[in-house]
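Dear colleague,

I am handing over the structure we spoke of, with its sequence, so that you can look at it alongside my notes. Please read the notes with the model open in front of you.

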Protein chains: 2
Amino acid sequence: MGINILESDSIYLGIDGGGSKCKAILVNGFTGEIIGTGLAGPANPFNNYDQTITSIKDAALKALVNANFNETEINKLVVGIGLAGVNLPAQLHKMKQWSHPFKAIFVTTDLHIACLGAHDGLDGAILISGTGSCGFSDVNQKVNMIGAHGFPHGDKGSGAWLGLQAVKQVLLSLDGLEKPTLMTQLLLDKLACNDGLDIVSAVAKQTSSFFAKLAFIVFQAAEEGDNAAIVIAQEGASYMSNVARRLWQDNPPKMSLIGGLTPKLESWLDNDIKDKLSMPIHSPEMGAVIYAQQNTQR
Amino acid sequence: MGINILESDSIYLGIDGGGSKCKAILVNGFTGEIIGTGLAGPANPFNNYDQTITSIKDAALKALVNANFNETEINKLVVGIGLAGVNLPAQLHKMKQWSHPFKAIFVTTDLHIACLGAHDGLDGAILISGTGSCGFSDVNQKVNMIGAHGFPHGDKGSGAWLGLQAVKQVLLSLDGLEKPTLMTQLLLDKLACNDGLDIVSAVAKQTSSFFAKLAFIVFQAAEEGDNAAIVIAQEGASYMSNVARRLWQDNPPKMSLIGGLTPKLESWLDNDIKDKLSMPIHSPEMGAVIYAQQNTQR
């Protein structure tokens, strides 16, 4: 049996929803302490609205239980929600229409909460490279988004883009239209394939998440001196450096690089960009809490 | 009421099955005359096996009716079948296991029947650029396939690839990461969009067929002197020229360019490749008939 939330105004829930999972944290608004966490399924309203609201509720209930609160206390929660997909106005509108079970919700993009988290609620900019890629700045109440176009027509410099380039290059190489590359054996091994036809079968109709898992092939081959892989890594990093240059034009006080590809990508960025990066302070889900606090305290 | 097929050995059915439709022709084996045609839905066994066999039967029955034969005569037909997707061994095996309603079937790839059709059953090579792209040669009983990797990781120089490049370039341009291009207004108009966000919504999760319908944007802008479009058209055509060079190494007596992009793409090919192209003689579905004849007369 859980306990009751006595001072509901002091408890915030932060939600970070994306294409593969939905994270929730329950935070004491006075101390900033995380008192509960919950993890649920995918929450991208562009992909699936019903699944998204189910995942958000699911993650919220898990966080309540994890903090030893009653599940019935859900209606006392003030919630900040950052979601992939709501950069599209129709999706944001739909989410805001949701008859949610909370006390109040404040919905914004996954990029916005990531930026708020990285800079502890202050102005700043972020470069993101994970499965997808983009740049985002939040300066003087004005947000700016660069990229976030999606796969396969955008998201250059992301894991999915790097994996896709590796597959392209290997298939052309196996057809004798490009030079041999170390990426070929790495890809054949990773996909348990014997030849190009096997690769064509293995990659057919796969999503961005699948291709993102192949990104390491580019970095590994590049580190071993493979020219084709170096060209791909440089092209991706050069694009991210250009995104950073565009974001610096918005005069953010700080810029952070976040996302799953950070450890690999950072060293490939142009020096002038790399040298000015700051470490992110908080997680995106804490950024969602900050977003809810900023909206209730205004 | 239809009539009966008296001399069943002299009537052949040719099937050309692909991702959007299935064409059938009924041919008098002695005269080569087309005596009936039928058109049905998609027939790509990699996409959907059940739909494929339904479409093939459907197209066959329509061709029988069109030729004024009884539908019950289907079991007297000797059938040549060319299908997209059966270059993957598992799909070819599955098609060959089919408990079909015909007298006999001979299954091969859509590329093979296109090549047989283009060169009237003789040795030769084909360059294909439609929704997808590839090269194929059939010389001394040995076939060779270049490309046909699929979308979005391959099929360079195809309609889908050209359309995808146009979308990429326009989105980067609208983000200020690439120079303005004439393709932007053409794409906004074609998709009835107002800005980059609209485009991102419109192209999300679309298939190769969708992107192929945008290929004209590249050619139109290139013809008006747009540099970004010219670079795309040249890169696609240069790839197809390289595929042709690889195919000429197989010593085919002739080479034809076929597929929906032929009228636009041909002028962009390298001169040495363009000058050696022959006009295709027959359609792919007639190539399927030729394949069935070659297999029954051996």
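Below is what was found, taken in turn from the pairing of the chains to the domains and the helix packing.

Please bear in mind throughout that this is a predicted model.

**The two chains and their axis**

To begin with the assembly, 23 residues of chain A are in contact with 24 residues of chain B. On the chain A side, at least two residues each come from strand S8 (142-147), helix H4 (159-174), helix H6 (196-203) and helix H9 (227-248). Sorted by class, the side of chain A that touches chain B consists of twelve nonpolar, eight polar and three charged residues. Of the interface residues of chain A, 100% are also interface residues in chain B, so the copies meet through the same surface.

How are the two copies related? A turn of 180°, with a shift of 0.0 Å along the axis, lays chain A on chain B with an RMSD of 0.0 Å, and the two copies are therefore related as by a two-fold rotation axis. Within chain A, the C-alpha nearest that axis belongs to A:Pro152, at 3.3 Å from it.

**The loop between S8 and H4**

A:Pro152 deserves a second look for its backbone as well, since a cis peptide bond, with omega of about 5°, joins A:Phe151 and A:Pro152. The residue A:Pro152 sits in the loop between S8 and H4 of chain A. In chain B, a cis peptide bond likewise joins B:Phe151 and B:Pro152, here with omega of about 10°, and B:Pro152 is found in the loop between strand S8 (142-147) and helix H4 (159-174) of chain B. That loop between S8 and H4 of chain B also holds B:Asp155, which has a positive phi of about 60° although it is not a glycine. As background to these entries, most residues other than glycine have a negative phi, and most peptide bonds are trans.

**Domains of chain A**

Chain A is divided into domain 1, which covers 8-120 + 281-297, and domain 2, which covers 151-278. The C-alpha centres of domain 1 of chain A and domain 2 of chain A are 31 Å apart, and the contact takes four residues from domain 1 of chain A and four residues from domain 2 of chain A. On the domain 1 side of that contact in chain A, there are two nonpolar, two polar and no charged residues.

**Packing around helix H4 of chain A**

Two packing partners of H4(A) are worth following in the model. With helix H8 (residues 215-223) of chain A, H4(A) packs at an angle of about 70°, the axes being 6 Å apart, which means that H4(A) is roughly perpendicular to H8(A). The crossing in which H4(A) passes H8(A) is left-handed. Here A:Gly159, A:Leu162, A:Gly163, A:Gln165 and A:Ala166 in H4(A) meet A:Ala215, A:Ile217 and A:Val218 in H8(A), and by class the contact of H4(A) with H8(A) has five nonpolar, three polar and no charged residues.

Against H9(A), H4(A) packs at an angle of about 150°, with the axes 10 Å apart, and H4(A) is therefore roughly antiparallel to H9(A). In this pair, H4(A) passes H9(A) in a right-handed crossing. The residues that make the contact are A:Trp161, A:Leu162, A:Gln165, A:Ala166 and A:Gln169 of H4(A), together with A:Ala228, A:Ile232 and A:Gly236 of H9(A). For the contact of H4(A) with H9(A), the division by class is five nonpolar, three polar and no charged.

**Helices H3 and H12 of chain A**

Finally, helix H3 (residues 110-118) of chain A packs with helix H12 (residues 284-297) of chain A at an angle of about 90°, their axes lying 7 Å apart, which means that H3(A) is roughly perpendicular to H12(A). Among the residues that make this contact are A:His112, A:Ile113 and A:Leu116 of H3(A), and A:Met286, A:Ile290 and A:Tyr291 of H12(A). The residues of the contact of H3(A) with H12(A) comprise nine nonpolar, three polar and one charged.

With best regards

Notes:
Residues numbered from 1 in each chain as written. Chains lettered and ligands numbered in written order. Predicted model: local features only at pLDDT ≥ 70, side-chain atom pairs only at ≥ 80, totals over all residues. Contact = placed C-beta atoms within 7 Å. Helix = DSSP H or I, 4+ residues; strand = E, 2+ residues; numbered from the N terminus. Nonpolar A, V, L, I, M, F, W, Y, C, P; charged D, E, K, R; others polar. Least-squares fit on C-alpha atoms with pLDDT ≥ 70 in both. Axes fitted to C-alpha atoms, helices over the stretch in contact; angles between N-to-C directions. Parallel < 35°, antiparallel > 145°, perpendicular 65-115°, else oblique. Left-handed = near helix turned anticlockwise from the far one by under 90°. Domains from an automatic or database assignment.
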